[in-house]
Amino acid sequence: MSKENTTKKLIRSKSGLRIVAVDDNYKSPFLLCEPQWIPDKEAPICTRCGIKFNFTTRRHHCRRCGQIYCSTCCDHKLELPRMCFIDPVRICQNCTPATLEENKFFDQQIKTLTNGATFMLENNQMILSTTDLLQCKLSPDHRHLMFDGVKLAPLDINTITALRVDKDPINADLDEDDELGELSI
């Protein structure tokens, strides 16, 4: 059994099934904790539209913010990898745009970073080297950038102030599908 398999477990929360790190040392810094749910009795009306709840108009909790909404205002079911849910969960209309953007990040940028990317490293707004590009990968726990081919210690992502991943149309040495990023620390 690999180390990664032993550092995660499947749990059932009131919001659904989640795969979470057993130890906070293996928890990705990109993850959010589940919100505290507003108790049903504290919400006589929908948080968004103000419709009164009754026998036919039921309460629904948004899994991202924990607020209570009617079915119209909380009608989206989206994947929520930022909270480690296995299946799509109920999201309110207020949280939907942010969740969709975060899902793009998890579906595209995280995959690019964990597979490896080419970066120019900037420190205090000065490029350290314009001729040497760095190959790096995000560690499986998303806590460090690891550099290939140079003697740089893994970089704690909490020290990164900006990260931009772009296609590089100028550099002929990169394949069309390769991406070039800029990293500021």
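This section describes the helix H2, the aromatic rings, the nonpolar cores and several buried loop residues of a predicted model.

The helix H2 comprises residues 96-115. Its 20 residues reach 28 Å from the first C-alpha to the last, close to the 28 Å expected at 1.5 Å a residue. The helix is nevertheless not straight throughout, since H2 bends by about 30 degrees at Phe106. Eight names make up its buried set, in which polar and nonpolar side chains both occur: Thr96, Thr99, Glu102, Asn103, Phe106, Ile110, Thr112 and Leu113. Just after H2, a positive phi of about 115 degrees is found at Gly116.Aromatic rings connect this helix with another part of the chain. A pair of aromatic rings is described by the distance of the centres and the angle of the planes. By the rule applied here, the count comes to 2 aromatic pairs. In one of them, Phe30 and Phe105 are arranged edge-to-face, with 5.2 Å from centre to centre and 70 degrees between the planes. This pair links distant parts of the chain, as Phe30 belongs to the loop between strand S2 (16-21) and strand S3 (60-61), whereas Phe105 belongs to H2, 75 residues apart. Phe105 also pairs with Phe106, again edge-to-face, at 5.7 Å centre to centre and with 90 degrees between the planes. Through these ring pairs Phe30, Phe105 and Phe106 are linked into a cluster. The two helix members of the cluster differ in exposure: Phe105 is partly exposed, with a relative accessible area of 25%, while Phe106 is buried because its value of 12% falls under the 20% limit. Elsewhere, the charged end of Arg18 sits over the ring of Phe85, 5.6 Å from the ring centre.

In soluble globular proteins, nonpolar side chains tend to be buried together. The largest nonpolar core of the model has 17 residues, and those with the most contacts inside it are Cys46, Cys62, Tyr69, Leu80, Ile91 and Cys92. Two or more residues of this core come from strand S4 (68-69) and from strand S6 (89-91). When residues up to four places away in sequence are not counted, Ile91 touches Cys62, Arg64, Cys74, Asp75, His76, Leu78, Leu80, Thr96 and Thr99. A second, separate core of 13 residues includes Phe106, Ile110, Leu138 and Ile157.

Buried residues are also found in loops. Cys73 is located in the loop between S4 and strand S5 (76-78), and its relative accessible area is 4%, which makes Cys73 buried. The C-alpha atoms of Cys73 and Cys49 are separated by 7.3 Å, although the two residues are 24 residues apart along the chain. Leaving aside neighbours within four places in sequence, Cys73 is in contact with Cys46, Arg48, Cys49, Cys92 and Gln93.

Thr7 occupies the loop between helix H1 (3-6) and strand S1 (8-13). With a relative accessible area of 9%, Thr7 is buried. Its contacts, apart from neighbours within four places in sequence, are with Val20, Ala21, Val22, Asp23 and Tyr26. Ser28 lies in the loop between S2 and S3 and, at 9% relative accessibility, counts as buried. Not counting residues up to four places away in sequence, Ser28 touches Asp141 and His142.

Terms used: Residues numbered from 1 in each chain as written. Predicted model: local features only at pLDDT ≥ 70, side-chain atom pairs only at ≥ 80, totals over all residues. Heavy atoms only, no water. Phe/Tyr/Trp six-rings, centres within 6.5 Å; stacked < 30°, edge-to-face > 60°. Helix = DSSP H or I, 4+ residues; strand = E, 2+ residues; numbered from the N terminus. Buried < 20%, exposed > 50% of the residue type's maximum accessible area, 1.4 Å probe, protein only. Lys NZ or Arg CZ within 6 Å of the ring centre and 35° of its normal. Contact = heavy atoms within 4.5 Å. Core = buried A, V, L, I, M, F, W, Y, C linked by side-chain atoms within 4.5 Å. Expected span 1.5 Å × (residues − 1). Bend = angle between axes of the 7 residues up to and from the residue.
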